[in-house]
Amino acid sequence: MHKYLRAVGFSSITNIKQLEPLFKNIIENPDKRIAVCSDDSDISDMQIDKDFGEDIGLSMVGELDEAGNFLMEHYFPYVRPDIYVYDGFLEVEERLVNKSYAGVSDDPELSLIFYIQNIVDIDKKKIGPNDAVDAVMLAALSDRGSILLPIAQPSEGDLFSMVETSVIPCGVECELYRIVGTILDVRHVQNRITGERVILMNISCNDYKIRLAINEMDLIGEPEKGRRFRGDIWLQGLMLLD
């Protein structure tokens with residue numbers, strides 16, 4: 001998890017101890033807090049989010065005990081997705097390692113697996129493995145990437161064509177991909193704590209629209225609309241549960 005902190009502007013943090021002041025800040029000054037009581041106990045599952053820059057931040061997931069103390073189980077950095085919505089049959093699967101979920105799209109050509117951002121919303125709506133969700137907004141964090149120029153369309157009869165966009169699983173984790181995608185728009189934001197600049201891009205990739213965050217220090221080249229981004233990402237998704 002520490003690896004992707006740099007994508008939201010915390011490049012100097014390398015261990016959990018360095019995060020303690022941020023965790024205290026999140027608990028005392030959250031931007032969003034959601035809880036749901038367990039059916040068989042007085043303990044509530046709780047998720048607390050705080051933005052440390054425009055649309056970038058950290059989320060803490062854990063339990064609220066009987067005395068009102070928040071006990072963190074895990075945390076994750078996030079970028080809030082933009083307006084682009086994937087409509088289709090989406091499965092929700094509970095992950096084994098902690099209190100979290102993975103989403104799976106039903107695209108017959110390319111089924112994507114992503115880390116669900118709104119974890120406690122899934123519990124609140126009582127979404128189970130046999131339930132379907134109809135829509136999600138996709139987001140991604142990247143720890144390295146580069147900008148490619150647009151490619152010329154191959155002429156008629158050309159024996160070789162270049163790949164314009166692609167999504168390839170990367171590594172052993174299900175939610176990690178290596179992508180090439182067309183940049184739809186670009187925005188620069190700043191982490192309020194560290195002052196580091198983060199680049200937000202909406203990217204079109206194999207008919208998916210993804211909002212991506214990358215630290216300015218980790219991007220080679222100048223991002224502009226119409227150019228392409230190539231890099232490694234951790235894919236996330238905000239499930240729409242209305």
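Select Asp45 in this predicted model. Asp45 sits in strand 2 (residues 44-53) and is buried, yet has no salt bridge. The nearest side chain of opposite charge belongs to Lys99, 4.0 Å away. Show the surroundings of Asp45: not counting residues up to four places away in sequence, Asp45 touches Ile34, Ala35, Val36, Gly62, Glu63, Lys99, Val120 and Asp123. Lys99 is thus listed among the residues that touch Asp45, although Asp45 has no salt bridge.

Next, turn to the charged pairs that do qualify. A search of the whole structure finds 14 salt bridges. Select Asp143 and Lys3, whose side chains meet in one at 3.7 Å, N to O. Asp143 lies in strand 8 and Lys3 in the segment before helix 1, so this pair ties together parts that are 140 residues apart in sequence. The two ends differ in burial: Asp143 counts as buried because its relative accessibility is 15%, under the 20% limit. Lys3, at 48% relative accessibility, counts as partly exposed.

Move to helix 1 (residues 16-28) and pick Glu28. The side chains of Glu28 and Lys24 meet in a salt bridge of 2.7 Å, N to O. Glu28 and Lys24 are four residues apart in helix 1, so about one helical turn separates them. The side chains of Glu28 and Lys24 also make a polar contact, at 2.7 Å. To place Glu28 against another part of the chain, draw a C-alpha to C-alpha distance to Ile122: the two are 24 Å apart in space and 94 residues apart in sequence.

Now select Asp55 and Arg187, whose side chains form a salt bridge (3.4 Å, N to O). The pair links distant parts of the chain, with Asp55 in the loop between strand 2 and strand 3 (56-64) and Arg187 in strand 10, 132 residues apart. Arg187 is partly exposed, with a relative accessible area of 29%. Add Glu54, Asp82 and Arg211 to the selection: salt bridges that share partners join these and the pair Asp55 and Arg187 into one network.

Stay on strand 10 (residues 176-190) and go to Arg178. Arg178 is partly exposed, at a relative accessible area of 39%. The side chain of Arg178 makes a polar contact with the side chain of Asp232 at 2.6 Å. Their C-alpha atoms are 4.4 Å apart, while the two positions lie 54 residues apart in sequence numbering. Leaving aside neighbours within four places in sequence, Arg178 is also in contact with other residues, including Arg144, Ser166, Val167, Ile168, Cys170 and Gly231.

Switch to the aromatic rings. Six aromatic pairs turn up in the whole structure. Tyr86 and Tyr208 form a tilted one, 5.3 Å centre to centre with 35 degrees between the planes. This pair links distant parts of the chain: Tyr86 is in strand 5 (residues 86-94) and Tyr208 in strand 12 (residues 208-215), 122 residues apart. Both tyrosines, Tyr86 and Tyr208, are buried. Then select Tyr4, Phe76, Tyr115 and Trp234, which ring pairs link into a cluster.

The last stop is the largest nonpolar core, with 65 residues. Leu58, Met201, Leu212, Phe229 and Met239 touch the most other members. Strand 8 (residues 132-148) supplies the largest share of this core, seven residues. Centre the view on Met201: beyond four places in sequence, the contacts of Met201 are Ile183, Asp185, Val186, Ile210, Arg211, Leu212, Ile214, Leu219, Pro223 and Phe229.

Definitions and conventions
Residues numbered from 1 in each chain as written. Predicted model: local features only at pLDDT ≥ 70, side-chain atom pairs only at ≥ 80, totals over all residues. Heavy atoms only, no water. Helix = DSSP H or I, 4+ residues; strand = E, 2+ residues; numbered from the N terminus. Buried < 20%, exposed > 50% of the residue type's maximum accessible area, 1.4 Å probe, protein only. Contact = heavy atoms within 4.5 Å. Polar contact = N/O pair within 3.5 Å; in protein donor to acceptor, adjacent residues only side chain to side chain. Lys, Arg positive; Asp, Glu negative; His and termini not counted. Phe/Tyr/Trp six-rings, centres within 6.5 Å; stacked < 30°, edge-to-face > 60°. Core = buried A, V, L, I, M, F, W, Y, C linked by side-chain atoms within 4.5 Å.
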